[in-house]
Amino acid sequence: MNTTAIDTAPPAPADHYCLTESPPRNGTLLGFWIYLMSDCFIFASLFACYAVLGTEYAGGPTGAEVLDLPGLAVNTALLLVSSVVFGFAMLEMARQRKGAMLGWLAVAGLLAVAFVSFEIHEFLVMIADGAGPGRSAFLSSFFTLVATHGLHVTLGILWLVVLMVQTVKFGLNTDNVRRLRCLSMFWHFLDLVWVGVFSYVYLVGVLR
Amino acid sequence: MSQLSSSGHAMPDNHDAMHEHQGSLRGYLTGFVLAAILTVIPFWLVMGHVIANKPLLILVILALAIVQIFVHIVYFLHLDTRSEAGWNMMAFIFTAVLVIIVLGASIWVMYNENVNMMPMSPQYQQHSIGHQPASNPPTR
């Protein structure tokens, strides 16, 4: 009974849905949005971990001693610009300009590569200084949260490369447009999570 | 029945709405400028040692972060009440409520536990007393 009730939606929402949206094309985007929201929970639980464990230094280095704010400023700028540039690529996609879109996508991808490289460099410096993830609960929660974000960005870059090859090979067909719009949401979402990371993990971490 | 015929007519409008929904150059640039300002302020506050009152400074940083998250959601992710017939917004509000519960409750519970448990353990107390002056002498 319940399933039939869902299949044949009540008249008022169906009316709104048919008149203002086109369901088949948007199904994927809504589904992807729900995936992003569930990804939010992963980050929320890691943020909660850091919030609880962030001052447990176990006699090791504190946030003020190991966190590199100038490096963080560069990384934050890289990711923000990358996010906006991806938006430019989406505007070119809407105008069906494949070359310009691929150009912007390449810029966005390179900025993200620079971001991940800086982050890995920062991690290696910290580990070399004896502030690796095994040192204290503070550093364990720090590395888990920041590296999970970095891993997301890395996989986003991989996805971007795959979609650029697909677009070069098959053009801006319906499938590729849909996939690129999902990736665009993913890309902006990671920048949004980074706002939480730089504000709470770094800037507040330095003060605690 | 009349709904079906009108939905056919609505298709072209629908298409324009899709483009609007994808954002505009002005939208992205507005978002970028706002996000840049909201990023620079907390960095300046922390690196320039502008506010001496630590709890106040932390509150200001968190407030700016929340504002910036909304800027990103509106200008980059284009979330509004119309997209996907409101289901995007529903999923977002649901997530936001749960995230607030998870984060807020974790911090609240563990803070209380720390406050109430610390004097109970002399070992821990000794450790934290011994540790504090060494970790940040200039600020305290």
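User: What is the mean pLDDT of chain A, and what share of its residues reach 70 or more?

Analyst: pLDDT is the predictor's confidence in each residue, from 0 to 100. In this predicted model, chain A has a mean of 89, with 88% of its residues at 70 or more. Local features need pLDDT of at least 70, and side-chain atom pairs count only at 80 or more, while totals for chains, interfaces and linings use all residues. Residues are numbered from 1 along each chain as its sequence is written, and chains are lettered from A in the order in which they are written.

User: Which elements of chain B have the lowest and the highest mean pLDDT?

Analyst: Elements here are DSSP runs, numbered from the N terminus: helices (H or I, at least four residues) and strands (E, at least two). Helix α1 (residues 2–22) of chain B is lowest at 42, and α2(B) is highest at 95. Over residues 1–20 of chain B the pLDDT is below 50. The mean for chain B is 76.

User: How do I read a helix pair?

Analyst: Two packed helices are described by the angle between their axes and the distance between the axes. Axes are lines fitted to C-alpha atoms, for helices over the stretch in contact (heavy atoms within 4.5 Å). Angles run from 0 to 180 degrees between N-to-C directions. Helix α2 (residues 25–47) and helix α3 (residues 54–75) of chain B pack at about 170 degrees, axes 10 Å apart. α2(B) and α3(B) are therefore roughly antiparallel (under 35 degrees is roughly parallel, over 145 roughly antiparallel, 65 to 115 roughly perpendicular, the rest oblique).

User: Which residues of α3(B) make the contact?

Analyst: Among them are Leu57(B), Val60(B), Ile61(B) and Leu64(B).

Notes
Heavy atoms only, no water.
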